[in-house]
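Me: Before going through this model, I would like each label attached to it to be justified by a value and a criterion. Could you take me through the reasoning?

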Amino acid sequence: MSRITDVSRSRDNFIPELLTVWEDSVRSSHDFLSEQDIENLKPTVASALRAVPRLCCLFHGKEHGVIGFMGVDGGMLEMLFLASAWRGRGYGKKMISYAIDILNVSRVDVNEQNPHARRFYERAGFSVYARSELDGQGNPFPVLHMRLEM
């Protein structure tokens, strides 16, 4: 019933829907972000969605459309977001397994202030190897750099 599809070549058709999924996911998981932070990040996220080399969407039937997505650059998982209504049902695990097994992901960065995401990646086999005080945009949101332990 659910499927992961590479939409890299048709990504422009999905950007509005992906931004909706992103915003829903962030609002339910990134308590450390203010409303202004979220609004300020939207253009950056839209640019990242257009620029990431591999963009895959998780679809759940025709009636639900996109419920999650991930972006990959080489072995780096640049983004993975799942709509909040679909959490706790194994869809995140399906996405990270696909990322590791099919897209050869071995690294991911996670906000230190998002302990749920850290535990999610740890359960998938990742561990922290470094920490940065600032996120990739220079904002004061510490980032944990994780890699897959073989």
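**Labels and their grounds**

Reply: Strands S6 and S7 (residues 143-148) run antiparallel and are joined by 6 bridges; please keep in mind that this is a predicted model.

Me: What makes S6 and S7 a pair of strands?

Reply: Two strands are called paired when at least two bridges are found between them, and S6 and S7 are joined by 6 bridges, so the criterion is met. Within this pair, Ser127 stands opposite Arg147 in S7.

Me: Which strands stand at the edges of the sheet, and why are they called edge strands?

Reply: The sheet is open, has 7 strands with mixed pairing, and follows the order S1-S2-S3-S4-S5-S7-S6. Strand S1 (2-6) and strand S6 (126-132) each have a single partner strand, so one side of each lacks a neighbour in the sheet, and this places them at the edges. Neighbouring strands are turned against each other by 25 degrees on average, with direction ignored.

Me: How do you know that helix H1 packs on the sheet, and on which strands?

Reply: Helix H1 (residues 15-29) touches strand S2 (54-60), strand S3 (66-73) and strand S4 (76-82), and its direction makes about 95 degrees with that of S3. Touching is a matter of heavy atoms within 4.5 Å.

Me: How do you know whether Cys56 and Cys57 are in a disulfide or not?

Reply: The structure holds 0 disulfides. The sulfur nearest to that of Cys56 among the cysteines belongs to Cys57, 7.6 Å away, whereas a disulfide requires two cysteine sulfur atoms within 2.5 Å, so the criterion is not met. For Cys57, the nearest cysteine sulfur is in turn that of Cys56, and Cys57 is likewise in no disulfide.

Me: Why is Cys56 called buried or exposed?

Reply: The relative accessibility of Cys56 is 1%, and buried means under 20%, so the residue counts as buried. Cys57 also counts as buried, at 1% relative accessibility. Over the protein, 47% of the 150 residues count as buried.

Me: Which residues touch the most other members of the largest nonpolar core?

Reply: In this core of 49 residues, they are Phe69, Met70, Leu77, Ile96, Tyr121 and Phe126. Leaving aside neighbours within four places in sequence, Tyr121 has contacts that include Leu77, Ile96, Val108 and Phe126.

Me: What makes the protein as compact as a globular protein of its length?

Reply: Its radius of gyration is 14 Å, close to the 15 Å that the globule rule gives for 150 residues, and therefore the description applies.

Methods
Residues are numbered from 1 along each chain as its sequence is written. This is a predicted model: local features need pLDDT of at least 70, side-chain atom pairs count only at pLDDT 80 or more; totals for chains, interfaces and linings use all residues. Side-chain values use heavy atoms; hydrogens and water are left out. A nonpolar core is a set of buried Ala, Val, Leu, Ile, Met, Phe, Trp, Tyr and Cys residues joined through side-chain atoms within 4.5 Å. Buried means under 20% relative accessible area, exposed over 50%, partly exposed in between (1.4 Å probe, protein chains only). Helices (H or I, at least four residues) and strands (E, at least two) are DSSP runs, numbered from the N terminus. Axes are lines fitted to C-alpha atoms, for helices over the stretch in contact, and angles run from 0 to 180 degrees between N-to-C directions. The radius of gyration is taken over C-alpha atoms; the globule rule is 2.2 Å times the number of residues to the power 0.38.
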